[in-house]
Amino acid sequence: QSIWVINGPNLGRLGTRQPEIYGTQTGGDIHAVLQGEHPQWDIQWKQSNDEGEIIGWLHEAIDGAIPVVLNPAAFSHYSYALRDACAMVTEAGLPLIEVHLSNPAAREEFRTHSVISAVATGVIQGFGADSYRLALAHITAR
Ligand code: DQA
């Protein structure tokens, strides 16, 4: 069984992007931790700076009945197109866990609202790379 961990714009530069906020682990590092902890899952780490590509992946997740962990990055704050695609995932009965490394509620005003949260299964934010680990723990327990 696959689980897709989908990451939005600028998250391909984890490790060097504002490490004081997002930590020093790369996406590959975090993926390796997740896969090591869950050998029973085929965990695929995906990242795109392209809204349309991410929406296409969500459509594929619906067709393949694949649970999704999504860090929508800055799209969280304004992408209604991504929100609509996320709603289709959860309406299909699949889990879609929104995650953030930082706690956007404690940062700039524009980050305090996510247009995704209302259609996500749940939200985990502020725990660094552990936000992803906690999301995987939920999907495993489910
Ligand atoms: C983020 C928070 C967003 O506000 C920001 O645009 C990101 C990363 C996080 O993981 O903390 O790119 O989603």
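Let me start with L101, which sits in the loop between β4 and β5, the latter covering residues 122-125. In this predicted model, L101 counts as buried, because 24 C-beta neighbours fall inside 10 Å. If we set aside the neighbours within four places in sequence, L101 is in contact with Y22, G23, G128, A129 and S131. L101 is also one of the residues around the ligand, and it appears in the UniProt record, an unreviewed entry, under "binding site".

A word on confidence before I go further. The mean pLDDT of the chain is 98, with 100% of its residues at 70 or more, and the model scores ipTM 0.99 and pTM 0.98.

Now to the ligand itself. Which residues are around the ligand? They are N10, N71, A73, A74, S76, H100, L101, S102, P104 and R111, and this shell divides into four nonpolar residues, five polar and one charged.

It is worth setting that list beside the annotation. For "binding site", the unreviewed UniProt entry lists N71, H77, D84, L101, S102 and R111. These positions are spread over 41 residues of sequence, and they are also spread in space, with up to 23.8 Å between C-alpha atoms. Among the listed positions is D84, which lies in helix α4 and is partly exposed, since 13 other C-beta atoms are found within 10 Å of its own.

The "active site" annotation, again from the unreviewed UniProt entry, names Y22 and H100. Why can we say that these two gather at one spot? They span 79 residues in sequence, yet their C-alpha atoms are no more than 9.2 Å apart, so they do come together in space.

Taking them in turn, Y22 lies in helix α1, residues 19-22, and is partly exposed, with 19 other C-beta atoms within 10 Å. Beyond its sequence neighbours within four places, Y22 is in contact with L14, R17, L101 and S102, so that we return here to the leucine with which I began, as the contacts of L101 include Y22.

H100, for its part, lies in strand β4 and counts as buried, having 22 C-beta neighbours inside 10 Å. Leaving aside the neighbours within four places in sequence, H100 is in contact with N71, Q125, G126 and S131. Of these, N71 is among the residues around the ligand, as is H100, and S131 is also among the contacts of L101.

Let me finish with the interior. In soluble globular proteins, nonpolar side chains tend to be buried together. Here the largest nonpolar core has 30 residues, and those with the most contacts inside it are V5, V68, V69, C86 and Y132. At least two residues of this core come from each of β1 (2-7), α2 (27-37), α3 (51-64), β3 (68-71), α4 (80-91), β4 (96-100) and α5 (130-141).

Two members show how this core is put together. Apart from neighbours within four places in sequence, V5 is in contact with L34, I43, Q44, W45, K46, V69 and Y132. C86 has its place in helix α4 and is buried, with 26 other C-beta atoms within 10 Å. With the same neighbours in sequence left aside, C86 is in contact with L58, L70, L96, I116, V119 and A120; as for L70, it is 16 residues from C86 along the chain, and their C-alpha atoms are separated by 9.2 Å.

How values were computed:
Residues numbered from 1 in each chain as written. Predicted model: local features only at pLDDT ≥ 70, side-chain atom pairs only at ≥ 80, totals over all residues. Core = buried A, V, L, I, M, F, W, Y, C linked by C-beta atoms within 7 Å. Buried ≥ 20, exposed ≤ 12 C-beta atoms within 10 Å, placed from the backbone. Helix = DSSP H or I, 4+ residues; strand = E, 2+ residues; numbered from the N terminus. Contact = placed C-beta atoms within 7 Å. Near = placed C-beta within 6 Å. Nonpolar A, V, L, I, M, F, W, Y, C, P; charged D, E, K, R; others polar. pLDDT = per-residue confidence, 0-100. UniProt positions renumbered as here; feature names shortened; annotations may be inferred.
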